[in-house]
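Visitor: Please take me through one part of this predicted model in detail, and then place that part in the rest of the chain.

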Amino acid sequence: MQRTILISVFLTLAYFFLSGCGNSKKEKQEVNNVSEETENPHNTQKDSVIRCSTMEVLQKHMAKNPGLREKMEAIENHCQTFVQLRKSGKMQDLDTIMIPTVVHVIYSNENENISDEQIYSQIEVLNQDFTKSNTDLDQIPEEFSSLSTNTKIHFDLDSIIRVSSTRTAWGTGDQMKFSSVGGSDVIDSSKNLNIWVCNIGVGILGYAQFPGDNAMTDGIVVSPQFFGTMGSATAPFDKGRTTTHEVGHWLNLRHIWGDGNCSLDDFVEDTPPSDGPNYGCPTYPTVRCNTNDMTMNYMDYSDDACMHMFTEGQKNRMRAVFAEGGPRESFVKSMIP
Ligand SMILES: [Zn+2]
C-alpha cells in the first residue's frame, strides 16, 4: 500500500486510541463490516462460522490492560524502523529462524483428542506456507505471484501435551491456557510457540495473541476440526490455513484489509487496500477500494484451498519481531548455544 510511516503510525495511534476508549470507531467499523458483508456479492460466509476472533480478543485484552496499547505502539515503531532498514538495503537478508512449537490438545471426546499424525500434518503445512513450498503456488494470479515470498521461518514440533476435560467449549477467554481451570499451562512463551487445540465453540475457527501481550497467554488457539489436513479436519477449512493465519497474527500481521474501511492500513506496503474480508473461494479479480484484492493471502478470510501466500512486506513485518529489540528477540537468542 502507498502509505508513509507517519500515516501508519498515526493510524496505529488512532486505532488504539479509539478502540481503547471502548467506543466507537472500531465498533462502528464492525457494524459497517456486518452491513458490507450482507451486501457484498463476494461474501459466501456461512452464518455459523467465524474465521478469526483475534481482533475481538485484542480489544478485550486492551480493556483489561491499559499498558498494552503503549507497548504495542512501541512494537509498531520498532517494526517500522526495521522495515525501513530492510528497504534501504542497510540490513542484509536474515538466517532461517526455528520456532520450537508446543501443541496442547485439550479434549472432551475422542474426535477432539486429535492424533499425532493430524498434528504433524499441521506442522508440515506451517513449514510449507512460511517457506513458499506449498504446492498450490501456481494458483496465485500473475499480478501477485512475484510478491509471494519465503519468510525463512520454520516450525519444529517440540512436544505434545494432552489434557482430558469435561468442558465442551472454551470460548475466547483464555481459560484453556491455565491448568487451574482445567486447561494446560503455557510452556515458556519466550522460547516456544504455544498452540492450544480445543473446541472454542460458537463457530470460531481460531484466535491469536499479538506480540507484546501477556506471556502467560501468549500463543494461538485453534478448534480441532480446523487443525491439520486429516483426521477431524473439516472442509472447507481442512488445509491447515487457519493455523497459518493465526501464526501470522502471532508474528504481528494484521488482517489484509486493515480491519476497517479503505483508509485503514494493514501497515504493509505491498498488499492492496481493501475494506473488508473475502470469504469462500473468490474469483480473480475481486475489486475493492479501486484495486484488486489479494484474496489468496493467508491474512484474508478465504477458504483454506484458496489462500496461498505471504508477501515480502509481510515477511519483513514478521521478521521484525525477532530483530534486536523486537518482542520475540528471545527466540533468536535461545537458538545460540
Ligand atoms: Zn485473523
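**Helix 8 and its surroundings**

Guide: In helix 8, the buried residues are Gly313, Gln314, Lys315, Asn316, Arg317, Met318, Arg319 and Ala320. That is 8 of the 9 residues of helix 8, so the helix is mostly covered, a residue being counted as buried when 20 or more other C-beta atoms lie within 10 Å of its own. The model is a predicted one. The cover over these buried residues includes helix 4 and strand 2, the latter spanning 153–164.

The packing against helix 4 can be described further. Helix 4 runs over residues 67–88 and helix 8 over residues 312–320; their axes come within 9 Å and cross at roughly 125°. The two helices are therefore oblique to each other. The crossing of helix 4 and helix 8 is right-handed. On the helix 4 side, the residues in contact are His78, Cys79, Phe82, Val83 and Arg86, and they meet Asn316, Arg317 and Ala320 of helix 8. Sorted by class, this contact has 4 nonpolar, 2 polar and 2 charged residues. Asn316, Arg317 and Ala320, which make the contact from helix 8, are also among the buried residues of that helix.

Strand 2, named above as part of the cover, also bounds a loop: glycine 173 is placed between strand 2 and strand 3 (193–197). Glycine 173 counts as exposed because it has 11 C-beta neighbours inside 10 Å, where 12 or fewer is the limit. Its C-alpha atom is 9.5 Å from that of histidine 61, and the two residues are 112 apart in sequence.

A second helix pair can be set beside the one above. Helix 5 (residues 116–130) and helix 7 (residues 241–250) have axes that come within 9 Å and cross at roughly 60°. That angle makes helix 5 oblique to helix 7. The crossing of helix 5 and helix 7 is right-handed. Gln122, Val125, Leu126 and Asp129 in helix 5 meet Thr243, Thr244 and Val247 in helix 7. By class, the contact of helix 5 with helix 7 has 3 nonpolar, 3 polar and 1 charged residues.

Ahead of helix 7 lies a loop that starts after strand 5 (220–222), and serine 232 is found in this loop. Serine 232 is partly exposed, because 19 other C-beta atoms lie within 10 Å. Leaving out residues up to four places away in sequence, serine 232 touches Asn111, Ile114, Gln118, Pro224 and Gln225. The C-alpha atoms of serine 232 and glutamate 112 are separated by 7.6 Å, although the two residues are 120 apart along the chain.

Next comes the nonpolar core. The largest one has 62 residues, of which Ile195, Trp196, Val197, Cys198, Ile220, Val221 and Val222 touch the most other members. Strand 1 (residues 97–107) gives the largest share of this core, 6 residues. Valine 222 has contacts with Ile195, Val197, Leu205, Gly206, Phe227, Thr242, Thr243 and Glu246, again without residues up to four places away in sequence. Thr243, one of these partners, is also one of the helix 7 residues that meet helix 5.

For the chain as a whole, there are 9 helices and 7 strands. Of its 337 residues, 45% count as buried. Among contacts between residues at least 6 apart in sequence, 69% join residues at least 24 apart.

How values were computed: Residues numbered from 1 in each chain as written. Predicted model: local features only at pLDDT ≥ 70, side-chain atom pairs only at ≥ 80, totals over all residues. Axes fitted to C-alpha atoms, helices over the stretch in contact; angles between N-to-C directions. Helix = DSSP H or I, 4+ residues; strand = E, 2+ residues; numbered from the N terminus. Parallel < 35°, antiparallel > 145°, perpendicular 65-115°, else oblique. Left-handed = near helix turned anticlockwise from the far one by under 90°. Contact = placed C-beta atoms within 7 Å. Nonpolar A, V, L, I, M, F, W, Y, C, P; charged D, E, K, R; others polar. Core = buried A, V, L, I, M, F, W, Y, C linked by C-beta atoms within 7 Å.
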